[in-house]
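I sat down with this one to look up charge pairs, cores and a few odd backbone spots. Here are my notes, in the order I went.

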Amino acid sequence: MPSRFSAFRDLLWRRSIPVDAGSSSQDLPRSESRSLLSTFILRQHNQETITCYDYLGIAKSHGPEQRYVSPTTGICRKLIVQSVNPKGPGEQRIMDHTTQASRLAMWLVCTNPFYDRVFFKWISTCFFFSLKLLWSFIWFLVQFLTPMDLTGNSDSGEDSAVYNTGYYKPYQRPFVGQLWAARSRKEYSSRFQEGNEQSIPIHSLYPRLLMLHDATKDQWIPCTDPDTIIRTKYIAISYCAADIYSHSHNPEREKEDFIKDVHAAVVRQNFDAYWLDLECLGQTPEEKKLDLYCMADVYRSAELTLIMLGDSDSVADGCDAWKRWGDRVWTLPEALLSQRLHYKFRDRAEIESVSLRQLANLAYAKHDLEQPVINAYSGKDPLERLERLTLLKGAIWRRGITLPQPISKTAPVLNVSAEKAVVIDGPYTADRVYALMGFFEHRIQPSRFEDELRALARLSMANDNDRIAERMVSLLPSTITRSSCWYADHDVYWANLWDVIPEIQVAGITENGALVLDGCKASSIRWKDFPEIAFDKSDSVRRTVVGFLPQLSWPIIIVGLATWLTGVTVTGGITLFACGFALLVFSPRLFVFSESGRVMDAQPWLIGIKGVLDIDKAAVHLYGGGNKGRYPRLGLTPSGSEFAVPEQGKDRGGSRVQYDLALRAEQGSQAGRTYTLIDTYSSTVYYFCADKPPTVCLFTGREGGLGRFVLCSERCEKNELHKETVLRMPTEVSQKMELCGWVALG
């Protein structure tokens, strides 16, 4: 392709650009014309194309526009969005399949020709509506005199019947591909594994290496003998790197000075052994990974944890030193997992004890938020397991990345025997996850080839009872990340992680960091128009009779005219004509009344509209009848979206204030990001904000008496879904959704 393009470009350069006969002398020079044309062709050549595959593995190329998978054929198609105010590409005005007579009658009833200053339009619409009634009478006569079979087979291959299965339109694109990390060991995982991960024990009751004091030689020597380590009581050292290294040109000297201070402090506490990561962490990648994996057991097994702080400087009793130590990622689990805590300033000789509650006030900037965790681990106020782990995660995530050690002048170690060079030695990017995993029953093997979110997903899969990742899928954060959109550390509906009851299971993670979900109930969202809805109304003899009267207007008028003009009876003919004309005048109002009534049951559909659509107009597009009166056909959600406002009366319902809120957002900061979703099964309207129109709805969990439904857009080139928003809908809606295969949410 590049060679063909270059040849075509060279051909253009060799040829001259023809000039129109009417061109003036101020036209562009030939060289500039060639340059502009070449630039145009370059843009066409560099236009982005995307290749996706259907469920049969057939490739299809298309542009970068938003796509969706047709729920009928399973083919990837360009998304057409109906909009309240269509402006951009791929948008069109709102369309529906209600009868034209219903739309005309509703407009005539709801429009005041004098107040709205549309008198001539109102008269012309009345005339057109009358012709529609006349045409229906003529068609009835034709059918009565010459019956025709209108239900015969068609060669178009399309089903003309109204879609009425009792279920939402399904989602037809399951996940196809390999897992980067799988929950089941029977599944293939493409994740690079360092060494033999299966040989590492799940739990270790002692460290791999300790520093022991040899009294005969007055030396501290490393010990790796398991039998000796098991019988030895030791101190675990906790510190902050900033209190050791001052970024001088002699970091080794600073490290030796700190180790000498540790030696003196350990001896003063009458211990002959200690554990310090500067000396006890392994040298090989396998040893380092094992030590990191067992870090929690090191502090659990220690008789005492000694916190080595920097110089106090007599400033608020070393407040700065405490804050530096407390901002580290690892110091929180080191303190919480320890049996006893002591601390020492490097410029002071005293070694004093400290409780967890005192430690929180001294070292933790967010001690008010972390007080429940401190109380739980100090035995004051025990928490449920998931709540405790969630609060721990929040506390660790509020801390920065572990302060780095002095910069090494040696290059990182590479594994060049693999298919591509990968780093097998260096810092861990998922440091906070590995600090958190010490509190879980099952841990994961540390890896330098994963980020925090993939490590967190693996940790969640390893501890299936907690199902942290599954619960996060159902939460709606204030900002959804473009990658790994399943992650959420808070919820705009003010729900906690432990409030969500997940209905899905994570089967694995893709190489892109997407979660592969099993057990999802999914449905497609229709955007191109309002479909023809199959629904049942409440029966009423009065509405049936009133609905039949407009059809009699033209027959009565024709009979009256015939009677009058033939001279059979002039008075009777005029009377019949007057009665028929009166029926014709009141036909729009009679027609609207006949179309009213409570909708008892409707075919489930999820219908999307870009912009903010009023529920009265939505009811007209759906059923052809109004939403006002004794039996409203649509209602607003009381608590199901970010704009939801509940009514404060005796009956539960959504306030119409949320329409004004959504409209204000559409006209302000959320311009172009506000959408309307209509659920015909529950007869509920939702307003929400999203970056793209979501085309798939996933049922993922329950919370607060409602279901959690994740609305997603599709990325066909990656075979992934992307979370756009989360709505709280009635749980029974999920009973009308069909189970789908694995889906990737990334």
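**Entry 1: salt bridges**

I started with the charged side chains, keeping in mind that this is a predicted model. How many salt bridges does the count come to? I got 24 salt bridges.

I then opened a few of the pairs. E91 and K610 meet through their side chains, with N to O at 2.7 Å. This pair links distant parts of the chain: E91 sits in strand 6 (residues 91-93) and K610 in strand 23 (residues 606-610), 519 residues apart. I checked the cover on the lysine as well, and K610 counts as buried because its relative accessible area, 17%, is under the 20% cut-off.

Next I looked at D451 and R454, a salt bridge whose closest N and O atoms are 3.7 Å apart. The two partners are covered to differing degrees: D451 is partly exposed at 35% relative accessibility, whereas R454 is buried at 13%.

For D529 and R526 I found the closest N and O atoms 2.7 Å apart, again a salt bridge. D529 is buried, with a relative accessible area of 9%. I also noted a network: D491, E703, R708 and R728 are joined by salt bridges that share partners.

**Entry 2: a buried lysine without a partner**

Which side chain of opposite charge is nearest to K723? It is D491, at 7.6 Å, and K723 has no salt bridge although it is buried. K723 has no salt bridge to D491 because 7.6 Å is beyond the 4 Å that a salt bridge allows.

So what does the side chain of K723 reach instead? I found the backbone oxygen of L475 at 2.8 Å. A polar atom of the K723 side chain also lies 3.1 Å from the backbone oxygen of V473.

K723 belongs to strand 29 (residues 720-729). Leaving aside neighbours within four places in sequence, I listed its contacts, among them M472, P477, I480, C485, W486, V710, L711 and L745.

**Entry 3: the cores**

I moved on to the nonpolar side chains. In soluble globular proteins, such side chains tend to be buried together. Here the largest nonpolar core has 137 residues, and those with the most contacts inside it are Y274, L359 and W486.

I took Y274 for a closer look. Not counting residues up to four places away in sequence, Y274 touches a set that includes L210, M211, W220, Y234, I259, V262 and V266. The same contact list also holds H263, E279 and C280. A second, separate core has 24 residues, including I607, L613, I615 and F643.

**Entry 4: helix 20**

I615 turned up again when I went through helix 20 (residues 615-623). Eight of the nine residues of this helix are buried. The buried ones include I615, D616, A618, V620, H621 and Y623.

I checked both ends. At the N-terminal end D614 acts as a cap, with a side-chain oxygen 3.0 Å from the backbone nitrogen of D616. Just after the helix, G624 takes a positive phi of about 80°.

**Entry 5: positive phi outside glycine**

Which residues have a positive phi without being glycine? I noted S484, with phi near 50°, and S683, at about 55°.

S484 lies in the loop between helix 17 (468-473) and strand 17 (501-502). S484 is buried, at 4% relative accessible area. S683 lies in the loop between strand 25 and strand 26 (684-689).

**Entry 6: a look at A671**

Where is A671 placed? I found A671 in the loop between helix 21 (657-666) and strand 25 (674-679). A671 is partly exposed, at 48% relative accessibility. Beyond residues up to four places away in sequence, A671 touches A665 and E666. I also took one C-alpha distance: A671 and C689 are 18 residues apart along the chain and 9.4 Å apart in space.

**Entry 7: whole-chain numbers**

I closed with the totals. The chain has 746 residues, of which 46% count as buried. Its secondary structure comes to 21 helices and 31 strands. Among contacts between residues at least 6 apart in sequence, 65% join residues at least 24 apart. The chain exposes about 39000 Å², with carbon and sulfur atoms supplying 54% of that area.

Key. Residues are numbered from 1 along each chain as its sequence is written. This is a predicted model: local features need pLDDT of at least 70, side-chain atom pairs count only at pLDDT 80 or more; totals for chains, interfaces and linings use all residues. Side-chain values use heavy atoms; hydrogens and water are left out. A nonpolar core is a set of buried Ala, Val, Leu, Ile, Met, Phe, Trp, Tyr and Cys residues joined through side-chain atoms within 4.5 Å. Buried means under 20% relative accessible area, exposed over 50%, partly exposed in between (1.4 Å probe, protein chains only). Contact means heavy atoms within 4.5 Å. Helices (H or I, at least four residues) and strands (E, at least two) are DSSP runs, numbered from the N terminus. Accessible areas come from the Shrake-Rupley method with a 1.4 Å probe; for residues, only the protein chains shown count as cover. Lys and Arg count as positive and Asp and Glu as negative; His and the chain ends are not counted. A polar contact is a pair of N or O atoms within 3.5 Å; within protein, one must be able to donate a hydrogen and the other to accept it, and residues adjacent in sequence count only if both atoms are side-chain atoms.
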